[in-house]
Protein chains: 2
Amino acid sequence: MTGYPSPDMSDVELVDVLRALADPVRLHVVRLLANGEPRAKALDEWGLDLTKSTMAHHFRILRESGLTNTIVDGRTHAVQLRRAELDERFPGLMASVIGDGRS
Amino acid sequence: MTGYPSPDMSDVELVDVLRALADPVRLHVVRLLANGEPRAKALDEWGLDLTKSTMAHHFRILRESGLTNTIVDGRTHAVQLRRAELDERFPGLMASVIGDGRS
DNA sequence: ATGATTGTTCGACGATCGTCACACAGTTGA
DNA sequence: TCAACTGTGTGACGATCGTCGAACAATCAT
């Protein structure tokens, strides 16, 4: 049901999380995941004009950095922000990054 | 007295700040600046084994991203974190990035 | 003036990054 | 069984990044 390995949060380094967030596409994705709900990886879920392989690349970086989990169900995959764990490891970071309307 | 142009904080984009922070050297520098006090650019102030030109490169990125100011005094320069402005623009971000002891 | 000091800028280099097309693997449904 | 579908992996490409040495500019002390 839940597939693909994500690192233990205790092994996650802040600088790697920041590197994962330091890209417009991935920051956008993380913001759409702010509410903690899983979201399908399907291209039309993200409002981005990128190819499958490019999105797969970004999803991989998000997962390997510790930001997300991948949930596999049949042939569809979903991504979920590891909000609670991230809040414990890096208090305030997600809140400030997800932030409000300021670009 | 205060030299080299820093961007208006209202023009600073979060993704650019994150990109500036997403490097071990610059994250280290920002943490040493956490208290808001200026710090000389002199190499021995940072405990890093890098050349002058490399440090100048990192200081430039920090300044252009909006994270720091440069204070010129004679032939010595100092860097200062724009803490108050950053806190207003991105509440909680600096606090979470500067954080505590977790690597 | 002259030489030492502090820091920037330039050009180069290898490494990493973001993107794509293509081939591949697993799941679903007819 | 077989075709369609969803997503991953590979290899390539240009662009950006981090680093360095060397040249330069500005300031200070003598």
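A polar contact is a pair of N or O atoms within 3.5 Å, and by that cut-off the side chain of D23(A), with an N or O atom 3.3 Å from a phosphate oxygen of DNA strand C, is in such a contact. The model described here is predicted, and it holds two protein chains, A and B, which touch each other through 20 residues from chain A and 20 residues from chain B. A rotation of 180 degrees with 0.0 Å of shift along its axis places chain A on chain B with an RMSD of 0.0 Å, and the two copies are thus related as by a two-fold rotation axis. The points below take the two DNA strands in turn and then the contact between the chains.

**DNA strand C**

- Around DNA strand C there are 22 residues, the closest of which are S53(A), H58(A), K41(B), K52(B) and H77(B); of the strand's atoms that come within 4 Å of the protein, sugar and phosphate account for 64%.
- Besides D23(A), whose side chain has an N or O atom 3.3 Å from a phosphate oxygen of the strand, the side chain of R26(A) places an N or O atom 3.1 Å from a phosphate oxygen of DNA strand C, and from chain B the side chain of R60(B) likewise has an N or O atom 3.1 Å from a phosphate oxygen of this strand.
- The elements that give two or more residues to the surface near DNA strand C are α3 of chain A, together with α3 and β4 (76–81) of chain B, and the greatest contribution, five residues, is that of α3(A).
- Sorted by class, the surface near DNA strand C consists of five nonpolar, nine polar and eight charged residues.

**DNA strand D**

- DNA strand D has 22 residues around it, of which K41(A), H77(A), S53(B), T54(B) and H58(B) come nearest; within 4 Å of the protein, 67% of the atoms of this strand belong to sugar or phosphate, while the rest belong to bases.
- The bases of DNA strand D are approached by side chains from both protein chains: an N or O atom of K52(A) lies 3.0 Å from a base nitrogen, an N or O atom of S53(B) lies 3.0 Å from a base oxygen, and an N or O atom of R75(B) lies 3.1 Å from a base oxygen.
- At least two residues each of the surface near DNA strand D are supplied by α3 (52–65) and β4 (76–81) of chain A and by α3 (52–65) of chain B, with the largest share, five residues, coming from α3(B).
- The residues of the surface near DNA strand D comprise five nonpolar, nine polar and eight charged ones.

**Contact between chain A and chain B**

- About 1700 Å² of area is buried between chain A and chain B, and carbon and sulfur atoms give 62% of that area.
- Between chain A and chain B the count of salt bridges is zero, and the count of residue pairs in polar contact, with both residues at pLDDT 80 or more, is zero as well.
- On the side of chain A that touches chain B, α1 (14–21), α2 (24–32) and α5 (93–98) of chain A each supply at least two residues, and α1(A) gives the most, with five residues.
- The side of chain A that touches chain B is made up, by class, of 11 nonpolar, three polar and six charged residues.
- Of the interface residues of chain A, 100% are also interface residues in chain B, so the copies meet through the same surface.

How values were computed
Residues numbered from 1 in each chain as written. Chains lettered and ligands numbered in written order. Predicted model: local features only at pLDDT ≥ 70, side-chain atom pairs only at ≥ 80, totals over all residues. Heavy atoms only, no water. Near = heavy atom within 4 Å. Polar contact = N/O pair within 3.5 Å; in protein donor to acceptor, adjacent residues only side chain to side chain. Helix = DSSP H or I, 4+ residues; strand = E, 2+ residues; numbered from the N terminus. Nonpolar A, V, L, I, M, F, W, Y, C, P; charged D, E, K, R; others polar. Contact = heavy atoms within 4.5 Å. Buried area = accessible area lost by both parts, 1.4 Å probe. Salt bridge = Lys/Arg side-chain N within 4 Å of Asp/Glu carboxyl O. Least-squares fit on C-alpha atoms with pLDDT ≥ 70 in both.
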